[in-house]
2 protein chains.
Amino acid sequence: MKFYDCSTAPSPRRARIFIAEKGLEIETIDISIRDGAHMTEEFQAINPHCTLPVLELDDGTHLVTSTGIWHYLEAVHPEPPLMGATAAEKGVIADLQWHIEFDGFMAMAEALRNTVPAMKGRALTGPVDYEQISELGERGKLRSQRFLDGIDGMIGDKPFAAGDHYSVADIDLMIMVDFAGWLKLKLPEDAANAQRWYQSVSSRPSAKL
Amino acid sequence: MKFYDCSTAPSPRRARIFIAEKGLEIETIDISIRDGAHMTEEFQAINPHCTLPVLELDDGTHLVTSTGIWHYLEAVHPEPPLMGATAAEKGVIADLQWHIEFDGFMAMAEALRNTVPAMKGRALTGPVDYEQISELGERGKLRSQRFLDGIDGMIGDKPFAAGDHYSVADIDLMIMVDFAGWLKLKLPEDAANAQRWYQSVSSRPSAKL
C-alpha cells in the first residue's frame, strides 16, 4: 500500500489524520501541488483527476478521494471506528460529514479558488482549466463565515461533532476551520462550544499532521 | 421509521431507489417542493436544511442527506450490499459515488439553479436565499456535458459503474443522466458502453420510482 500525500494542502490532511488516528503506518510519497507535481503525465496515470490524496492498494487499485480512502481503511481496520460504531452513528456521521464538506469545505474552496490571484484559471481542481468567477468567490466567503458561525450550534454541549466519539466529522470540521484561516475567516470568539471543541480536537497528536 | 420524500425531485430519488433495491417498505410522506412544503416552519423543525430526502428513525433522529440514509440502512439491512461487499469495493464505490456527485450531480444543480427563471434567488438549497450567478450556470452546463461524455470511459466493459455489482454509484449515475435531461443534455448516441449500461440500470423495477 502507498499513500500519495501533499503536506501543504487541506484535502490530503483528511486522509493523513484518519491514518494516524487508526495507528497505521503507510509508505508515503509527497506530491508537491505548489510545484505542479499533481499535473504531470506521470501523476495523471495514477489519478486522472489530478488531486491528492490517493491510496494505492497492493493490487494496483487507486482510491482517489478522501471518502474512498476512509471507507477502505475503516473496513480493513475497524478499530477505533471513525465512521460510526452503530447503524445510527454511521448515519449521523455520514450526514454531518456531508454538510461539513458541502457547506463548509466546498464554500471555502470556492472562496479561495475564485479570489486568489495565484489560482487564476484554476477555479476547480482537475485536468481542465476553469476561469475564476468573482461573484462565486464572494458568495464562498459569505457562506464560509455563515458556516463557521453555525458550528457552535452544531457542537452544542457534545464532546464531538457527532456525539460522544471522535469521527471523520471532527476531522473535516477541524480542517475546515484551519482552511478558513487562509482567508482570515475564523470561529467567533464568543462561540464557547465551538471554541471548546476546536481546542480539544486540535490538541490531539494527529492534528499536528 | 418515516421517510420524507418528494416524488418530483432528483435527490430523494437517490434514497427511494436504495430503499426499493433493499426490498424495504417504509412509511412515506410526500413533501411537495413545488408547493414550497419544504420551506415551512413545520418542515424546518424536521430538517433545518429544507431539503429532501429525510429519514426519521424511531428514536426521533432525522437523517437529512442521501448518504446519511444510505449508511444507516446499509448497516441495518446489509443485503444486498449497495455500498460494497469487500473493503476494496467499499473504497471504489465511495470514490466513484463522490465523483458522480461532485462532478455530475453538483454541476447539473449549478447549471439548473443558476439559469432557470423559476429558481431566481434560489441558487442554492437551504433556508438562505442566494442570487443566481449566470457564469456559474454556464460553467455548470459545460461541466455537465463533459461529465456525460466521460461516462462511457467510466463504465468501460463492466456491467456496472463499480464492477460486477449494482451499487449506489449506479443509482447516482442514472439519476444524474435523467437529471441532465431537464436541460436537454444527454449521453452521446455513440457512447456504446454508457448506452448499454443506462439501458440496463433503467430497466430495473426500482428505476421507475
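How many Å separate the centres of domain 1 of chain A and domain 2 of chain A, taken over C-alpha atoms? The answer is 20 Å, and the legends below walk through that pair of domains and the rest of this predicted model.

**View 1. Chain A, taken as a whole.**
Start with the parts list: chain A has seven helices and four strands. Read from the N terminus, its elements go β-α-β-α-β-β-α-α-α-α-α. The radius of gyration of chain A is 17 Å, close to the 17 Å from the globule rule for 209 residues, so the chain is as compact as a globular protein of that length. If you box up the C-alpha trace of chain A along its principal axes, you get spans of about 50 × 45 × 25 Å. Buried residues make up 45% of the 209 in chain A. As for contacts in chain A with a separation of 6 or more, 64% of them link residues 24 or more positions apart.

**View 2. Where the two domains of chain A meet.**
Domain 1 of chain A covers 2-76, and domain 2 covers 87-208. Their contact draws 13 residues from domain 1 of chain A and 10 residues from domain 2 of chain A. On the domain 1 side, helix H1 (residues 10-21) of chain A gives the most, with seven residues. Sorted by class, that side of domain 1 of chain A, the one touching domain 2, holds seven nonpolar, three polar and three charged residues.

**View 3. The sheet of chain B.**
Here four strands of chain B form an open sheet with mixed pairing, in the order S2-S1-S3-S4. Strand S2 (27-30) and strand S4 (62-63) of chain B are the edges, each pairing on one side only. Further in, strand S1 (residues 2-5) and strand S3 (residues 54-56) of chain B run antiparallel and are joined by three bridges. For a spot to zoom in on, try Phe3(B), which stands opposite Leu55(B) in S3(B).

**View 4. The axis relating the two chains.**
Chain B lands on chain A after a rotation of 180° with 0.0 Å of shift along the axis, at an RMSD of 0.0 Å. That is how a two-fold axis relates things. Which C-alpha of chain B is nearest the axis? It belongs to Leu136(B), 3.8 Å from the axis. Both copies use the same surface, since 100% of the contact residues of chain B recur in chain A.

**View 5. The contact between chains A and B.**
Each partner puts in its share: 25 residues come from chain B and 25 residues from chain A. In chain B, helix H3 (66-76), helix H4 (87-113) and helix H5 (134-155) each supply at least two residues of the side that touches chain A. H4(B) gives the most to that side, with eight residues. By class, the side of chain B that touches chain A splits into 15 nonpolar, six polar and four charged residues.

**View 6. Ala88(B), up close.**
Ala88(B) sits in helix H4 of chain B. Is Ala88(B) buried or partly exposed? With 19 other C-beta atoms within 10 Å, Ala88(B) is partly exposed, because a residue needs 20 or more to count as buried. Leaving out residues up to four places away in sequence, Ala88(B) touches Leu57(A), Thr61(A) and Tyr72(A).

Technical notes:
Residues numbered from 1 in each chain as written. Chains lettered and ligands numbered in written order. Predicted model: local features only at pLDDT ≥ 70, side-chain atom pairs only at ≥ 80, totals over all residues. Contact = placed C-beta atoms within 7 Å. Nonpolar A, V, L, I, M, F, W, Y, C, P; charged D, E, K, R; others polar. Buried ≥ 20, exposed ≤ 12 C-beta atoms within 10 Å, placed from the backbone. Rg over C-alpha atoms; globule rule 2.2 N^0.38 Å. Pairing = 2+ DSSP bridges. Least-squares fit on C-alpha atoms with pLDDT ≥ 70 in both. Domains from an automatic or database assignment.
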